[in-house]
Amino acid sequence: NPVKSNFYIKGLKGQVALYIYDINGRLVHKNLNYLDATSIDISNLRSAIYMVHLTNEQGAVTKRLVKN
């Protein structure tokens, strides 16, 4: 973190729903079938701080993402 265009998340088990929200809580990216270590292209997003929310049957987690 920070990211310019692509990032990926490692260590996930099974399919995960991935949501990216801007600082105002607006959904800016959604992938309902994210698989471990698959590249996520965010080059279309402006430089800002985003929240990445991941959820599956084991639970949910939210992490901060800085886009340059």
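In the predicted model, the elements of the protein follow the order β-β-β-β-β-β from the N terminus. The secondary structure thus recorded amounts to six strands and zero helices.

The overall dimensions were examined next. Along the principal axes, the C-alpha atoms occupy a box of roughly 30 × 20 × 15 Å. The radius of gyration of the protein is 11 Å, which agrees with the value near 11 Å for a compact globule because that value is the one for 68 residues. Of the contacts with a separation of 6 or more, 52% are accounted for by residues 24 or more positions apart.

Of the 68 residues in the protein, 28% are buried. The largest nonpolar core comprises 15 residues, and those with the most contacts inside this core are Phe7, Leu18, Ile20, Ile42 and Val52. Two or more residues are given to this core by β2 (16-22) and by β5 (48-56). The greatest contribution is that of β5, with four residues.

The surroundings of Leu18 were listed without its neighbours within four places in sequence. On this basis, Leu18 is in contact with Ile9, His29, Lys30, Asn31, Tyr34, Ile40, Val52, His53 and Leu54. One of these partners, Val52, is also among the core residues with the most contacts inside the core.

At the surface, the protein exposes about 4,500 Å², and 49% of this area is supplied by carbon and sulfur atoms. The protein carries 9 positive and 4 negative charges, whose mean positions are 8 Å apart.

Notes
Residues numbered from 1 in each chain as written. Predicted model: local features only at pLDDT ≥ 70, side-chain atom pairs only at ≥ 80, totals over all residues. Heavy atoms only, no water. Rg over C-alpha atoms; globule rule 2.2 N^0.38 Å. Buried < 20%, exposed > 50% of the residue type's maximum accessible area, 1.4 Å probe, protein only. Contact = heavy atoms within 4.5 Å. Areas by Shrake-Rupley, 256 points an atom, 1.4 Å probe, with all protein chains shown as cover. Lys, Arg positive; Asp, Glu negative; His and termini not counted. Charge placed at Lys NZ, Arg CZ, Asp CG, Glu CD. Core = buried A, V, L, I, M, F, W, Y, C linked by side-chain atoms within 4.5 Å.
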